[in-house]
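Please look through the sequence and the model below before reading on. The report goes from the overall fold to the individual sites.

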Amino acid sequence: MTVLCEMCGKEVDRTSRTRIEGSVLLVCAECARFGVVLEPPPTAAVVAGGGPRRPPPSLGPLRGATRRSTERDVFLEMGELELAPDWGRRIRIAREGRQWTPDDLARKLNEKRSLVLKLESGNFHPTDALVRKLEHHLGIRLRADAEKPS
Ligand SMILES: [Zn+2]
């Protein structure tokens, strides 16, 4: 029984799980040299200090499970600023007050329309930088501490 190398397509007896440029592929020995071979997860019985690269017990057809496109983590970090509880609504009201479509606002923010919609529905917590941009473009305050108790 042979398997196909996911990189060059050659039929080989065995492939190695290899990380190549961010993707994990099952490749032949030739192609494995272009990446980092991932060892199969050690079993509980294995003690540290085992030999290098032992043949994997049986590599089933694990296809593509580890392959995942990662979007750029531009907004990975959460904002530090404390936002008003209704910040999503404030954004939408201010935008509509200016008669901007979500696309208009997205363009000004240099963001995607979907992000604007998520912001307005409160499903996306903006970063500090984005809060400042929103405040700047919409002329509003989104932070909780900007409100004075009346
Ligand atoms: Zn190959």
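## Order of the secondary structure

In this predicted model, the elements follow one another along the sequence as β-β-β-β-α-β-α-α-α-α, and the chain holds 5 helices and 5 strands. Of its 150 residues, 30% count as buried. Among the contacts with a separation of 6 or more, 44% are made by residues 24 or more positions apart.

## The zinc site

The zinc ion is coordinated by the SG atoms of C5, C8, C28 and C31, at 2.2 to 2.4 Å, and along the chain these donors follow the spacing C-x2-C-x19-C-x2-C. C8 lies in the loop between β1 (3–4) and β2 (11–12), whereas C31 belongs to helix α1 (residues 29–32), so the pair ties together parts that are 23 residues apart in sequence. The arrangement is tetrahedral because the 4 donor atoms subtend angles of 102 to 118° around the zinc ion. For comparison, the ideal angle for four tetrahedral donors at a metal is 109.5 degrees.

The two cysteines of this pair differ in exposure: C8 is partly exposed, with a relative accessible area of 44%, while C31 is buried, with a relative accessible area of 6%.

## Surroundings of I20

Strand β3 (residues 16–20) contains I20, which is buried, with a relative accessible area of 9%. When residues up to four places away in sequence are not counted, I20 touches M7, L25, V27, C31, F34 and G35, so that one of the zinc donors, C31, is among its contacts. I20 and C31 are 11 residues apart in sequence, and their C-alpha atoms are 9.2 Å apart in space.

## Charges over the ring of W100

Two basic side chains are placed over the ring of W100: the charged end of R98 sits 5.4 Å from the centre of that ring, and K108 lies over its face at 4.5 Å from the ring centre. Aromatic pairs, by contrast, are not found, since a search of the whole structure gives 0 of them.

## Positive phi values in the loops

Most residues other than glycine have a negative phi. Q99 is one residue with a positive value, its phi being near 60°; Q99 lies in the loop between α2 (87–97) and α3 (102–109) and is exposed, with a relative accessible area of 72%.

N110, likewise a residue other than glycine, also has a positive phi near 60°. N110 is placed in the loop between α3 and α4 (113–120), and with a relative accessible area of 67% N110 is exposed.

## The buried side of helix α5

In helix α5 (residues 128–138), the buried residues are D128, L130, V131, L134, E135 and L138. These residues cover an arc of only 160° around the axis, which puts them on the same side of α5. An α-helix has 3.6 residues a turn, so residues three or four places apart point the same way.

Against which elements do the buried residues of α5 pack? Their partners are α2, α3 and α4. Just after α5, the chain reaches G139, which takes a positive phi of about 65°.

Terms used
Residues numbered from 1 in each chain as written. Predicted model: local features only at pLDDT ≥ 70, side-chain atom pairs only at ≥ 80, totals over all residues. Heavy atoms only, no water. Donors = N, O, S within 2.8 Å, 3.2 Å for Na, K, Ca; no water. Tetrahedral: all angles 85-135°; square planar, octahedral: opposite > 155°, others 65-115°. Helix = DSSP H or I, 4+ residues; strand = E, 2+ residues; numbered from the N terminus. Buried < 20%, exposed > 50% of the residue type's maximum accessible area, 1.4 Å probe, protein only. Phe/Tyr/Trp six-rings, centres within 6.5 Å; stacked < 30°, edge-to-face > 60°. Lys NZ or Arg CZ within 6 Å of the ring centre and 35° of its normal. Arc of directions from axis to C-beta. Contact = heavy atoms within 4.5 Å.
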